[in-house]
Amino acid sequence: MSAQIPNSDLPRILIIGAGFGGLKLARKLSNKAFQIVLIDRNNYHQFQPLFYQVATAGLAPSAISFPIRKLFHKAKNVHFRVAEALKVDTKAKTLSTDIGDIRYDKLVIATGADTNYYGNEEIKQHSFPMKSTSESLQLRNRILECMELALTEKIEADRSAFMNVAIVGAGPTGVELAGAISEMRTYILPKDYPELDFSEMNIYLLEAGDRILGTMSESASKASHSFLKKMGVQIITNARVTGYKGTSIEMSDLESINTKTLIWSAGVAGNVVAGFDPENILRSRMRIDSHCQVIDQADIYAIGDIAAIEGADHPHGHPQVAQVAMQQADLLAKNFIMTSQGKRAKKFTYQDLGSMATIGRSKAVADLPFLKFSGFFAWIFWLFVHLMNILGVKNKLFIFIEWLWYYLSFDQSLRLVIKQKKSQPED
Ligand SMILES: Cc1cc2nc3c(=O)[nH]c(=O)nc-3n(C[C@H](O)[C@H](O)[C@H](O)COP(=O)(O)OP(=O)(O)OC[C@H]3O[C@@H](n4cnc5c(N)ncnc54)[C@H](O)[C@@H]3O)c2cc1C
C-alpha cells in the first residue's frame with residue numbers, strides 16, 4: 001500500500017492530526033509555497049468541548065464533527081489522507097503509517113491526547129472514556145441502555161446500580177457531564193421512563209483533589225460546587241478510586257459505590273508516535289523548545305496537547321486546552337513562512353484567554369484574565385464563545401436551534417441507542 005502523495009518541487013510539511021492545532025496549521029499554510037500533507041485517523045475534525053452534549057443526547061455527533069476534506073476544496077497544495085501514524089524514522093525523514101511510508105521535509109506532530117487510566121487495566125476495561133465522538137456515542141448508548149435494563153430489574157439495589165452514574169475526575173469535563181446528566185434525570189428520563197422512580201438514581205462526582213474544578217479559581221470551584229449540589233449531584237472530594245470491575249467502585253478509605261456506568265475523565269496522556277528517545281518525552285508529551293521544535297530533533301515540531309514547553313510557571317508544559325494548540329499552530333505557520341523567506345522565527349508566548357465550564361441549562365463559571373463571574377451571564381458568554389468556535393455556518397446554526405429548542409421545551413430528541421450490526425463485511 002502507498003499513500004500516493006503527488007510529487008512536488010515545494011518543501012513538504014507533513015502534519016499528523018487534524019485537531020485544533022493540526023487543522024489550524026494546515027489551513028494557515030493552504031495556498032502557500034509548501035506542499036502540505038495532513039493525516040488523521042478520522043476523516044472529520046472533532047469539537048471536543050461539546051462531546052458531553054453528544055453523550056447526554058443533547059447534540060447529534062454530526063453537529064460537532066466537520067469533514068476535513070470540505071475545508072480544503074480550494075487549497076491546491078493540501079493533500080489529506082485518512083491514516084494512522086505508526087513510527088517516525090528521524091534519519092530517513094519518513095513516517096510509517098497504515099497506508100504506507102510518507103516522506104517529509106518538516107514534520108509536525110499534533111496528535112493530541114487520549115484518556116489516561118494511570119496503568120489501571122481493570123478500570124480501563126470497565127469504564128467509559130469520552131475522548132472521541134464515537135466514545136461519546138457509546139456513553140449515550142450506555143446511559144440509555146442502563147435505563148432499559150433498570151425497567152426489567154426487580155431488586156431495588158440492582159435497579160439502582162443500573163440507574164446510578166459515577167463520574168471520576170471533576171475537571172471541566174466531569175463537572176459539565178454531571179450537570180447535563182442531572183438535567184436528564186430531572187427533565188427527560190422521568191418522561192421516557194414513567195415506571196422508574198428517579199429518587200433511586202444517584203449521580204456521583206468523584207474527585208481525588210480537595211475541590212472540584214481544581215485548575216480554575218477558588219470562586220469558580222465554589223460556585224460550581226453549589227450549583228451541582230442544588231441539582232442533586234453527590235460530590236465526593238479526596239476520593240481516590242482504586243478499582244472497578246463493572247459494578248462496584250472501590251475507593252481508598254471510603255465506602256464503595258454501586259453503578260453500572262463509570263465515566264472516567266480523570267486524566268489524559270499524549271498520543272506519542274513511536275520513534276523517539278525517552279529524552280524527547282516528558283510525561284507522555286513531546287519536549288519542545290519555544291519555537292515548538294522537538295528538543296534536539298531538526299525539522300520535527302510538536303504542538304497542542306502532545307507538546308510541552310518546560311517553563312518556570314508551567315514546569316510540565318502549558319495547559320492541555322484548545323487555545324494553546326491554536327496559538328502554537330498560528331506561530332508555527334508564521335515561522336515556516338518567515339524562515340522560508342530568510343527571516344528569523346519568533347518564540348511562543350501563551351496568551352491565556354481564560355477558562356469556563358457550564359453547569360446545566362443556565363449556569364456557568366468563567367475565569368477571564370481580568371474578571372471572574374458565574375451564573376446566567378457566564379452561561380450566555382459560554383454559549384457565545386462555543387458557537388463562535390464551532391466550524392461551519394451550518395453547524396453553528398444547527399447547534400443554536402438545538403439549544404434554543406431544548407431551552408424552551410426542556411426536551412431533547414436524540415435519545416437513540418445506535419448499535420453496530422453484529423456481522424460487518426470484511427475489507
Ligand atoms: C471532553 C473534552 C472537553 C474539552 N473541553 C475543552 C474546553 O472547553 N476548552 C478548551 O480549551 N479545551 C477543551 N478540551 C481540550 C481540547 O479539546 C484540547 O486541548 C485540544 O483538542 C487539543 O488540540 P490538539 O490539536 O493538540 O489535539 P486534538 O484536537 O485532540 O487533535 C488530535 C488529532 O490527532 C489525531 N490522531 C491522534 N493520534 C493519531 C495517530 N496516531 N495517527 C493519526 N491521527 C492521530 C486525532 O484523531 C485527532 O484528530 C476538552 C477536551 C475534551 C476531551
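Ala, Val, Leu, Ile, Met, Phe, Trp, Tyr, Cys and Pro count here as nonpolar, Asp, Glu, Lys and Arg as charged, and the others, Gly among them, as polar. The model is predicted: local features need pLDDT of at least 70 and side-chain atom pairs count only at pLDDT 80 or more, while totals for chains, interfaces and linings use all residues. Residues are numbered from 1 along each chain as its sequence is written.

**View A. Residues from two domains surround the ligand.** The shell holds 33 residues. A residue is near the ligand if its C-beta atom, placed from the backbone, lies within 6 Å of it. Gly-17, Gly-19, Gly-21, Gly-112 and Gly-304 come nearest. By type, the shell divides into 15 nonpolar, 13 polar and 5 charged residues. Helix 1 (20-28), strand 2 (35-40), helix 6 (172-192) and helix 8 (322-340) each give at least two residues to the shell. Helices (H or I, at least four residues) and strands (E, at least two) are DSSP runs, numbered from the N terminus. Domain 1 (12-115 + 268-340) and domain 2 (121-266) each provide at least three residues of the shell.

**View B. Domain 1 meets domain 2.** The protein chain is divided into these two domains, with bounds from an automatic or database domain assignment. Their C-alpha centres lie 32 Å apart. At the meeting point, 15 residues of domain 1 are in contact with 17 residues of domain 2. Contact is a matter of distance: the C-beta atoms of two residues, placed from the backbone, lie within 7 Å. On the side of domain 1 that touches domain 2, helix 2 (51-55) and strand 10 (113-115) each supply at least two residues. The largest share, 5 residues, comes from helix 2. This side of domain 1 divides into 8 nonpolar residues, 6 polar and 1 charged.

**View C. Five strands form an open parallel sheet.** Read across, the order is 5-2-1-9-21. Two strands pair if DSSP finds at least two bridges between them. Strand 5 (78-82) and strand 21 (300-302) stand at the edges with a single partner strand each, so one side of each has no neighbour in the sheet. Neighbouring strands are turned by 20° against each other on average, direction ignored. Axes are lines fitted to C-alpha atoms, for helices over the stretch in contact, and angles run from 0 to 180 degrees between N-to-C directions. Strand 1 (residues 12-16) pairs with strand 2 in the parallel sense over 5 bridges. Find Ile-13: its bridge partner in strand 2 is Ile-36. Helix 1 packs on the sheet and touches strand 1, strand 2, strand 5 and strand 9 (106-109). The direction of helix 1 makes about 155° with that of strand 1.

**View D. Three strands form an open antiparallel sheet.** The order is 23-24-25. Strand 23 (355-358) and strand 25 (371-375) are the edge strands, and each pairs on one side only. Neighbours in this sheet are turned by 5° against each other on average, direction ignored. Strand 23 joins strand 24 (residues 364-368) over 4 bridges. Ser-355 has Asp-367 of strand 24 as its bridge partner. On to the next pair: 5 bridges join strand 24 to strand 25. Ala-366 stands opposite Phe-373 in strand 25. Strand 24 and strand 25 form a hairpin with 2 residues between them. Helix 9 (residues 376-389) lies across strand 23, strand 24 and strand 25. Helix 9 runs at about 75° to strand 24.

**View E. Strand 6 and strand 7 form a hairpin.** Strand 6 (residues 85-89) and strand 7 (residues 94-97) run antiparallel, joined by 4 bridges. Asp-89 has Thr-94 in strand 7 as its bridge partner. There are 4 residues between the strands. In the turn, Lys-93 has a positive phi of about 55°.

**View F. Helix 10 ends before Phe-410.** Helix 10 (residues 393-409) has 17 residues. From its first C-alpha to its last, helix 10 reaches 24 Å, close to the 24 Å expected. The expected span is 1.5 Å times one less than the number of residues. Phe-410 follows, with a positive phi near 55°.
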